[in-house]
Amino acid sequence: MSSALKAFIFDLDGVIVDSAEYHYQAWGQLARKLGIPFDRSYNERLKGVSRMQSLELILANSKDCRTFSAAEMLMLAEQKNEHYKRLIEQITPADLLPGIAGLLHDIMEADHRIGLASASHNAPVIVQRLQITDCFDVIVDPGTLKKGKPDPEIFLSAAAQLGVLPESCIGIEDAQAGIQAIQSAGMFAVGVGDPVSMQGADLVIQHGEAMKYANIVGFYHVMLNKTT
Ligand code: BG6
Ligand code: MG
């Protein structure tokens with residue numbers, strides 16, 4: 001790592017807003033309907049991965065050997081997404097997770113750029129409901145990508161669209177697949193949440209006080225000095 005800090009690239013679900021909980025509830029309802037075991041621990045594997053991959057992971061946990069056609073899979077994913085869309089209708093600006101509003105404000109004050117690297121096709125709607133669309137210079141469209149997290153493509157695409165080098169970016173994630181993606185992209189990886197799910201992160205913090213610009217950038221500079 002050798003560049004001066006230029007940009008922050010955020011994951012959305014579980015980092016900016018607790019929509020990860022709504023994904024959990026919507027998948028939980030589908031799994032119950034199908035009689036497939038599903039709990040919070042299994043749900044950790046779904047974080048950061050695409051809708052269809054998440055469905056495949058859920059079906060893989062089925063106790064019988066039932067198979068589903070591509071059309072049935074699409075229908076199940078659609079059912080989950082319709083439920084999820086109803087759940088996210090309740091999101092308001094008050095749902096920004098603790099520390100996020102201040103962090104976004106301070107990043108803009110410092111004149112750094114901000115990107116959103118979410119695997120969710122619902123991200124633009126959520127960001128709009130939170131009234132933070134204007135904070136983002138770039139929102140990566142996951143429909144344009146070939147590979148999902150843990151592949152670095154989404155973070156590299158965000159950096160390229162922002163016109164900055166990966167090593168001058170800080171990526172923030174709440175999922176193991178996301179941390180791997182940030183690391184593989186050659187960015188400074190900040191994990192938010194349970195350290196057990198943040199293997200390989202350069203810094204692990206919680207929402208609230210630690211989510212401050214000065215705190216995160218302080219650690220980034222420590223890392224920069226170590227590697228130059
Ligand atoms: C990620 C979530 O942000 O988006 C995953 O962590 C989710 O849980 C993925 O499956 C895709 O989201 P969506 O809204 O397009 O189904
Ligand atoms: Mg997430």
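What is the volume of the largest pocket? The exercises below work from a predicted model.

**Exercise 1. Describe the largest pocket and place it in the fold.**

Step 1. Start with the volume. The largest pocket has a volume of about 520 Å³.

Step 2. Look at the lining. It consists of 29 residues. Gly48, Val49, Ser50, Ala119 and Ser120 lie nearest the centre of this pocket.

Step 3. Sort the lining by residue class. Nine residues are nonpolar, 11 are polar and nine are charged.

Step 4. Find the helices involved. At least two lining residues come from each of α1 (19–34), α3 (51–60) and α4 (70–88). The largest share belongs to α1, with three residues.

Step 5. Place the pocket. Residues of both domain 1 (7–18 + 92–226) and domain 2 (20–90) line the largest pocket, so it lies between the two domains.

**Exercise 2. Do the same for the second largest pocket.**

Step 1. Its volume is about 250 Å³.

Step 2. The second largest pocket is lined by 17 residues. Closest to its centre are Asp18, Ala20, Glu44, Lys47 and Asp174.

Step 3. Five of the lining residues are nonpolar, five are polar and seven are charged.

Step 4. Both α1 and α2 (40–43) supply at least two residues of this lining. Three residues, the largest share, come from α1.

Step 5. Domain 1 and domain 2 both contribute to the lining of the second largest pocket, so this pocket also lies between them.

**Exercise 3. Identify the protein donors of the magnesium ion (ligand 2) and give their spacing.**

Step 1. List the donors. They are Asp11 (OD), Asp13 (O) and Asp174 (OD).

Step 2. Check the distances. The donors lie 2.0 to 2.1 Å from the ion.

Step 3. Write the spacing in sequence. The pattern is D-x1-D-x160-D.

Step 4. Check burial, for which the cut-off is under 20% relative accessible area. Asp11 is at 5%, so it is buried. Asp13 is at 12%, so it is buried too.

Step 5. Link back to Exercise 2. Asp174, one of the donors, is also among the residues closest to the centre of the second largest pocket.

**Exercise 4. Explain why Cys135 and Cys169 form no disulfide with each other.**

Step 1. Search the whole structure. The count of disulfides is zero.

Step 2. Apply the cut-off. A disulfide needs two cysteine sulfur atoms within 2.5 Å.

Step 3. Compare with the model. From the sulfur of Cys135, the closest cysteine sulfur is in Cys169, 17 Å away, and therefore too far for a bond. Seen from Cys169, the closest cysteine sulfur is that of Cys135.

Step 4. Add the surroundings. Cys135 is buried at 14% relative accessibility. Cys169 is buried at 0%.

**Exercise 5. Find the unusual backbone geometry.**

Step 1. Recall the background. Most residues other than glycine have a negative phi, and most peptide bonds are trans.

Step 2. Find the cis bond. The peptide bond from Lys149 to Pro150 is cis, with omega near 15°. Pro150 sits in the loop between β3 (138–139) and α7 (153–162).

Step 3. Find the positive phi values. Asp111 has a phi of about 70°. Gln131 has a phi near 60°. Asp111 is not a glycine, and neither is Gln131.

Step 4. Locate these residues. Asp111 is in the loop between α5 (100–109) and β2 (113–116). Gln131 is in the loop between α6 (123–129) and β3.

Step 5. Check exposure. Asp111 is exposed at 69% relative accessibility. Gln131 is exposed at 64%.

How values were computed. Residues numbered from 1 in each chain as written. Chains lettered and ligands numbered in written order. Predicted model: local features only at pLDDT ≥ 70, side-chain atom pairs only at ≥ 80, totals over all residues. Heavy atoms only, no water. Donors = N, O, S within 2.8 Å, 3.2 Å for Na, K, Ca; no water. Buried < 20%, exposed > 50% of the residue type's maximum accessible area, 1.4 Å probe, protein only. 1 Å grid on protein atoms, 1.4 Å probe; cavity = no way out; pocket = protein on both sides within 12 Å on 5 of 7 lines; lining within 4 Å. Points joined across faces, edges and corners; volume = space filled by probe spheres on them. Helix = DSSP H or I, 4+ residues; strand = E, 2+ residues; numbered from the N terminus. Nonpolar A, V, L, I, M, F, W, Y, C, P; charged D, E, K, R; others polar. Domains from an automatic or database assignment.
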